[in-house]
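The report that follows concerns charged side-chain contacts and the nonpolar core, and it is meant to be read beside the sequence and the coordinates.

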Amino acid sequence: MTILEHPNSPWEKISGQNKPGTPVWLWLPGWGFSGHVFSDLFDALDGEHWIADYRSVDSEFVDMAQHLLATAPVAESRIWVGWSLGGALAMRAVTHNTESPPTSAQDRVVTLATGDRFIRPDSQKESSVQEDTSTEETPSQGMPKADFSAFREALIQSPKAGIKRFTGLCAKGAEDPRQLMRDLSSTLYAADHSVIQTLNWLEYEALTSNQSEHNLHAQAVDALHIYGTHDALNPIKMTPALCSPGKSHCFFLETAGRQHLLDTLQSVATDIPSASILSGGADAKS
């Protein structure tokens with residue numbers, strides 16, 4: 001049975017009301033986490049808030065993206081906010097919306113620490129070897145395939161240790177990584193089969209590739225991609241990119257990063273163009 005045949009929606013309403021002039025917020029957490037990782041943000045933003053639980057043992061990345069789109073609440077204005085893998089699912093869902101007209105009058109996507117790809121392309125590795133341009137200051141982007149495979153095997157062999165290592169990578173670079181790891185642990189799923197299965201989705205294809213006639217809605221998507229300055233996972237950045245004063249892979253849980261994200265999301269919700277957001281915030285990077 002594919003996910004598209006499953007009767008249950010992955011969306012859960014958390015708070016707020018769908019009122020004129022306010023958006024519906026669609027929150028997608030990073031791999032291994034509950035949508036409650038965003039709980040500090042819900043009450044600060046007007047509108048209706050929904051979180052997604054996309055764990056699955058029998059579906060693929062693209063199937064789940066389509067299912068998230070098909071089951072998302074319909075509204076005149078929706079803002080998808082996705083962290084890491086959640087951001088990749090949001091991008092794939094909205095850019096592959098081939099309905100005409102789309103299910104929503106306006107879909108906007110804000111990704112947090114989401115790479116155009118999670119796995120480092122082989123071509124990037126070859127370029128680094130040939131040109132020897134990779135330095136500590138400018139690390140190669142994306143996780144090496146060998147490192148990803150080793151992590152997956154270690155997670156299968158020792159789920160608790162693997163999840164702890166992953167939260168350490170998420171918190172690395174923050175001003176207080178130990179406290180951040182404790183905060184993250186409260187919203188972690190147990191590393192069961194459904195969580196381990198979705199780990200495979202991190203091998204998704206580049207989100208900005210294949211912009212063809214099959215992706216009719218892709219060119220109309222309003223997207224903004226925010227990144228921490230010392231993200232240990234080195235996501236491959238998409239444009240328009242915005243740097244957060246938060247530093248880690250979960251920069252939006254750091255004090256400065258949380259406030260910056262709230263300011264940015266409030267600007268997005270009031271239809272301030274992305275160029276204005278970029279010029280008014282931290283320095284943009286591509």
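Arg 152 is buried, its relative accessible area being 16%, where buried stands for under 20%, exposed for over 50% and partly exposed for what lies in between (1.4 Å probe, protein chains only). This is a predicted model, in which local features need pLDDT of at least 70 and side-chain atom pairs count only at pLDDT 80 or more, while totals for chains, interfaces and linings use all residues. Residues are numbered from 1 along each chain as its sequence is written, and side-chain values use heavy atoms, with hydrogens and water left out.

The structure holds six salt bridges, a salt bridge being a side-chain nitrogen of Lys or Arg within 4 Å of a carboxyl oxygen of Asp or Glu; three of them are tabulated here.

| Acidic residue | Basic residue | Closest N to O |
|---|---|---|
| Glu 203 | Arg 152 | 3.0 Å |
| Glu 203 | Lys 145 | 2.1 Å |
| Asp 40 | Arg 258 | 3.7 Å |

Shared partners join Lys 145, Arg 152 and Glu 203 into one network of salt bridges. Glu 203 is partly exposed at 32% relative accessible area, and Lys 145 is likewise partly exposed, at 36%.

Asp 40 lies in helix α1 (residues 39-42) and Arg 258 in helix α9 (residues 255-269), so their salt bridge ties together parts 218 residues apart in sequence; helices here are DSSP runs (H or I, at least four residues), and strands likewise (E, at least two), numbered from the N terminus.

The largest nonpolar core has 77 residues, of which Trp 27, Trp 80, Trp 83, Leu 89 and Leu 112 touch the most other members; such a core is a set of buried Ala, Val, Leu, Ile, Met, Phe, Trp, Tyr and Cys residues joined through side-chain atoms within 4.5 Å. Helix α3 (residues 85-95) gives the most to this core, with seven residues.
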